Amino acid sequence: MATPPPFADEGTLHRTLTFRDLVVYGLLFIAPMAPVGVFGTLSAKSHGAVALVYVVATVAMAFTAHSYAVMVRVAPQAGSVYTYARVGLGEGPGFIAGWMAMLDYLLIPAVAYLFSGIAMHALVPSVPAWVWTAAAVVVTTGLNLWGVRAAATAGFVVLAMELAVLGVFVVTAGIALAQDGPRRGWLTPFTGEGGFDAGAVLSAVSVAVLSYLGFDAIASFAEEAAGGSPKVARAVVTCLVVAGALFVLQGYLAALLAPVSPAELAARPAGQGAAFYATVDAATGLWLHHLVAASKAVGAAFAALAGQAAAGRLLFAMARDRRLPGRLAKVDPGSGVPRLAVLGAASVTLFAAVWAAQRADGLDRLVSVVDVGALVAFGLLHVSVVGWFTRDAGRVPAARHVVVPLLGLAVVLAVIVTAATAAQVVGAVWLGVGLVVLAGQGGRRVRTG
């Protein structure tokens, strides 16, 4: 399917992003050191088999990566899952997919900005967390408005910094293991302590897959990729493989060095959030603790930058199809950026992040609801693949275009079922509002290309 022409008053996105830029956006959104925040939870749930959890989670998310890689070739346009559900299932399901993805793309950056604000406040306590949070929104929004290439270049520098800090952790962990040996068996991160428990590993996988939310943002830049849809598809898969390898490596080393056993973490949930830092402190000292914390502060802000950029492209695509106000589809001719769409996304995330930064329970409230929108959108993505390749009654689809998406759908449904009740409620309410909006639009004309 060729990229359809825009309406005359909209302008076009600029094809300036290289393969490296696409991978940078994906890895920024995921964050190379994502396991830092959930290591304790995964260790407690899996009985210490953290490395295996990430191996299984990477394989599970590979089904979703496959579906993205397939559909970006079918519909090489901005909008990601909104566009794919639209061409695979029809206008209604397409709108709902975009609507649910919108919840994810607006709230995940808010959480990332809040993480950045909290981390900076810990380093500079004299400045309130909400001020740091707002500052992060302003700086990254400015970069996104400057242009997609400028934002990608800045993102590359930050990503290199994050990878360098991760490299320092790997080296220091290796030295600690060589000098003092592991605190538990070398294979324990794959087998767990006290024997392998498949149920425990799968329970932890439902949490670990949330570390991968964001690699799908790469597909939002399909109309800005210099190499077209093949490069986008390759970038999606590359990002998942690289992130998975980094996550497995971190989980393996941290599990070997952790001073607190998985059983103790399970008995004391309050210590799970800081378990990775406790491991760093015990193995190397406070200097690396502070280095990781600073890296997370900057990295979180730029993860939000990637999410904000993806949100802008989603709003742009839906507005171009007359599903959202048409002004959001206007592209600045100089920067090639849908400015109003980016500013609209930034406004929502700014409000949510600053609101949460001023509440004691703000982080918990945001974190508990960010995942369900993406998961529902992933589910519709998988169904879209099946729908597209089975819509022609005279054509027999390849097995990979039916079996793989159905396996991916099963993974998504399993994670949704085990999600927090608050996330399920928010997702249901947001879905209900989307259905009302869709019904209100009725027979509104949409772009058919």
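## Contacts of a buried threonine

Contact here means heavy atoms within 4.5 Å. On that basis, threonine 133 touches Tyr113, Leu114, Gly117, Ala353, Val354 and Ala357, with residues up to four places away in sequence not counted. The model examined in this report is predicted. Threonine 133 belongs to helix α6, which covers residues 129-146. Its relative accessible area is 0%, so threonine 133 is classed as buried.

## The nonpolar core

The largest nonpolar core comprises 153 residues, and those with the most contacts inside it are Tyr25, Tyr68 and Phe215. Helix α13 gives the most to this core, contributing 18 residues. As a general point, nonpolar side chains tend to be buried together in soluble globular proteins.

Tyrosine 68 illustrates the contacts of a core residue. Leaving out residues up to four places away in sequence, tyrosine 68 touches Ser80, Val81, Tyr84, Phe215, Asp216, Ala219, Val236, Phe378 and Leu381. One of these, Phe215, is itself named with Tyr25 and Tyr68 among the residues with the most contacts inside the core.

## Helix α2

Helix α2 runs over residues 35-46, and its end C-alpha atoms span only 14 Å. A straight helix of twelve residues would span 16 Å at 1.5 Å a residue. Immediately beyond α2 comes histidine 47, which has a positive phi, near 65°.

The buried residues of α2 are Pro35, Val36, Phe39, Gly40, Leu42, Ser43, Ala44 and Ser46. Their packing partners are α3, α9 (198-208), α10 (229-257), α11 (262-267), α12 (275-284) and α13 (286-320).

## Helix α4

Helix α4 covers residues 81-89, and eight of its nine residues are buried, so the helix is largely enclosed by the rest of the structure. The buried set consists of Val81, Tyr82, Thr83, Tyr84, Ala85, Arg86, Val87 and Gly88. These buried residues pack against α3, α5 (91-123), α13 and α16 (371-390). Two of the residues in the buried set, Val81 and Tyr84, also appear among the contacts of tyrosine 68. Just after α4, glycine 90 adopts a positive phi of about 125°.

## Alanine 319 in helix α13

Alanine 319 lies in helix α13. With a relative accessibility of 0%, alanine 319 counts as buried. Apart from its neighbours within four places in sequence, alanine 319 is in contact with Leu324, Pro325, Gly326, Leu328 and Ala329. Between the C-alpha atoms of alanine 319 and alanine 225 the separation is 21 Å, the two residues being 94 residues apart along the chain.

## Salt bridges

Side chains of opposite charge can pair when their charged atoms come close. Across the whole structure, a search finds nine salt bridges. One of them joins aspartate 21 and arginine 149, whose closest N and O atoms are 2.3 Å apart. Aspartate 21 lies in helix α1 (residues 19-30) and arginine 149 in helix α7 (residues 148-180), so this pair ties together parts that are 128 residues apart in sequence. Aspartate 21 counts as buried at 1% relative accessibility, whereas arginine 149, at 33%, counts as partly exposed.

A second pair consists of aspartate 321 and arginine 86, with the closest N and O atoms 3.5 Å apart. Aspartate 321 is situated in the loop between α13 and α14 (339-357) and arginine 86 in helix α4, so the salt bridge ties together parts that are 235 residues apart in sequence. Both aspartate 321 and arginine 86 are buried. Aspartate 332 likewise forms a salt bridge, with arginine 339, and the closest N and O atoms are 3.3 Å apart. Aspartate 332 is partly exposed, with a relative accessible area of 23%, and arginine 339 is partly exposed at 31%. Salt bridges that share partners join Arg86, Glu91, Asp321 and Arg323 into one network.

## A nonpolar surface patch

Val55, Val59, Trp186, Leu187 and Phe190 make a nonpolar surface patch of about 470 Å². Valine 55, one of these residues, is found in helix α3, which covers residues 50-74. Its relative accessibility of 32% means that valine 55 counts as partly exposed.

Note on methods: Residues numbered from 1 in each chain as written. Predicted model: local features only at pLDDT ≥ 70, side-chain atom pairs only at ≥ 80, totals over all residues. Heavy atoms only, no water. Patch = residues over 30% accessible without salt bridge, like charges linked within 9 Å, V, L, I, M, F, W, Y side chains within 5 Å. Areas by Shrake-Rupley, 256 points an atom, 1.4 Å probe, with all protein chains shown as cover. Salt bridge = Lys/Arg side-chain N within 4 Å of Asp/Glu carboxyl O. Helix = DSSP H or I, 4+ residues; strand = E, 2+ residues; numbered from the N terminus. Buried < 20%, exposed > 50% of the residue type's maximum accessible area, 1.4 Å probe, protein only. Expected span 1.5 Å × (residues − 1). Core = buried A, V, L, I, M, F, W, Y, C linked by side-chain atoms within 4.5 Å.
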